[in-house]
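Student: Hi! Could we go through the empty spaces in this protein together?
Tutor: Happy to, let's bring it up.

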Amino acid sequence: MFLKSERVISKHINVIAIPLLSLLFLARIGLADEVELKSPITVNGDRVEYDPERQVMVGEGNVEVISKGMKLYADKITVWLDEERALAQGDVKFVKGNAVFYAEEISYSFKDNEGKIIEPTFKDYGPWYGKGLEALEYEESKYLIKRAYMTTCDLENPHYRLEAKTIKIFPEDRIIAKHVVFYIRNAPIFYLPYFKQSLKDRKAPFMIIPGKSDKWGWYILSSYRYSLNEKNEGRIRLDYREKKGIAHGLEHQYKSAVGEGVVKYYYMNEKESAYQDNDRFRVSLRHSWNPDDKTSIYAEYNKISDIDFLKDYFEREYDEDSDPETYLYMTRRYSNAILSLNIKKRANHFFTEVERLPELGIDINDLRIKKTNYYYSSNTYFSNLTKKYADSDTDYDVWRFDTYNELSHVKKYFGFLNFSPYLGVRETFYSKKISGKEHILRGNLYTGFDSSTRFYKVFNPASGNFLFTQANAVRHIITPIFNYEYIAEPTISKVDLMQFDELDEIERKSRITLTLENLWQIKSEVNGDVKKRDLLQADISAYYDCSIDGGSRWGEAELELDYRPRDWFRFENDYSYDIKPGRLNTASFDMVIDKDRWQLSLGERYERDSSAQLTTEFSYRINEKWRFKVYQRYEFQNSSFERQEFAIYRDLHCWDGKLSFINNRLDNDKTIFVIFTCKAFPEHPFSFSQSYSAGD
């Protein structure tokens, strides 16, 4: 048998060497012997036989065929030399570039460099798995799968799937599916005519959140992400609220030759609205553009139907910015200067805002005077200001020209003392003052200095522990800072000026500020590795006001603490305290413990003019499948919980399930909702304040 096989292969060389010239067959006889001929095709196998009359080669047992960057692996592969095609059968694997498919049968044309895959299976395209009836390489490295499904669940019978008429795969780029039906097990849930998913991001393509609240009744919040191309993508929102009605929205992100930005739109015709007009909406645009490395342009437009819209439907945005502005801001940077143009216009009549139409400015920063230690800086702004009051026709305006010029000196004395005095002059021209008198000029003189030095000491703890932390060495750094600031009495009092911003509020000031910074750094050895880190930062400061006539001149003292004894433990504490009256103004306390199975976060806020709040968040992982979280915010003034949230999480293999209950006493609203999050897409595509608890 061995000799017969050897004669067959020799005959094969004589037959095909002339007509094909460049064909190469590497045939493994038994498990060891190989014969190599010149050809772009390589065949390996446990047993390879060649029929010279039919020009057919058959490989069986761990067969591998390689040609032009394509590889076929199968139990059996038949190659027709005259037709330049192959048929792979049994446990087939197809590899070409970044594309990998598995099937029971694949036919491939070496001549056309194309293949047809029967009942293909694919995986590891991003997080996606899938199966289909038939797959074709319709263009180079582009594959079309007919009657297929895709899922991120790796089970043989997945928990969910997206069944599609056709699926196109562009390896390491994107997947496009048409006529898609979403199934949970065998139950169809919804239909999408078109679905596109980038293989480069991990944002969920869709989200559905059902729930119930006192304010909304039963509701369903949904979002679908789309991607037109690499420069245009976004999400479409469609929401239903039993007590409010149907709402829809769009968020589109774009990139173009003149910048990038995002457009947001949300609208609903609200049932039983407290407003005269039931149409409630928001339209916003944010755009940025850098024409070159020295020029920046920013623009923002925000239009909302009423003052409570963001609070009612986009609470997180409301907490971050309850009065979104509309403006155009441009800057041009130079080596020591920045030119700026600011155009700001009120878009919502129910807000009080200052319009700047326009404001031009130039800032010169630390311009060194020849080779001396003297530096020059200035800020010059020309502004057309109009202050418009909410829901009123009353407003007032002024032209203002302001310039501030400063000369400073920076030097280290005696090798350890940093001393920097400065002298500045501000002149401000107003087209009129509050009494109506026109063309007035206000002058101000500024002076002061900053001084600081730095001391440190390194010591080794005798016990190897310092402040409950393992430490081989400790360095203590002390930085005392002395600052004096003086502003002469302005030539025109602020009570005679229209108030637009802090520039109009300037008054006489003489203040000394004392600061003492303390930093403890430790060096420790863990498993042979030497690590250095900041252990404790403790800064204290206070100011003495020399400009007060009578009464206490000591003002506010501040203390800031940041303590990190372990990687899993952090403690921060800030205080502000009125020295002479002896009363606490503000205080904040934060502690975070992050262990393997549980996390605890405590936060306390106190303000003398309002009240104190204590927030607590605790989460615990019961086992690999279950965990829970509790969040509470307690108001000491009312002796009650303002907000309580309770959530239970369940690992559902390829999904995470969350059942949550929120009791919001401020809005007298109770909400319960369910969220299923696909693990393959950990980044949420959107968030609703009623849908995600604090810390999510």
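Student: How much space lies in the second largest cavity?
Tutor: About 40 Å³ in this predicted model.

Student: And which residues line that second largest cavity?
Tutor: Its lining is made of K196, Q197, S198, D201, R225, Y226, S227 and E233. Two elements, β16 and β18 (217-229), give two or more residues each to that lining.

Student: How do the lining residues divide into nonpolar, polar and charged there?
Tutor: For the second largest cavity, the lining has 4 charged residues, 3 polar and 1 nonpolar.

Student: How many cavities of 30 Å³ or more does the structure hold?
Tutor: There are 2 of them.

Student: OK, switching to pockets. What volume does the largest pocket have?
Tutor: Its volume is about 460 Å³.

Student: Which residues lie nearest the centre of that pocket?
Tutor: Those are Y160, F182, I184, W655 and F676, out of 21 residues that line the largest pocket.

Student: Which strands supply at least two residues of that lining?
Tutor: β14 (160-170), β15 (174-184), β16 (187-198), β17 (206-213) and β46 (669-678) each do.

Student: And which one gives the most?
Tutor: β17 does, with 4 residues in the lining of the largest pocket.

Student: What about the chemistry of the largest pocket: how many of its lining residues are nonpolar, polar or charged?
Tutor: The count is 18 nonpolar, 2 polar and 1 charged.

Student: Nice. Does any strand turn up in both linings, or rather, which one should I look at?
Tutor: Look at β16: it supplies at least two residues to the lining of the largest pocket, and it gives two or more to the lining of the second largest cavity.

Note on methods: Residues numbered from 1 in each chain as written. Predicted model: local features only at pLDDT ≥ 70, side-chain atom pairs only at ≥ 80, totals over all residues. Heavy atoms only, no water. 1 Å grid on protein atoms, 1.4 Å probe; cavity = no way out; pocket = protein on both sides within 12 Å on 5 of 7 lines; lining within 4 Å. Points joined across faces, edges and corners; volume = space filled by probe spheres on them. Nonpolar A, V, L, I, M, F, W, Y, C, P; charged D, E, K, R; others polar.
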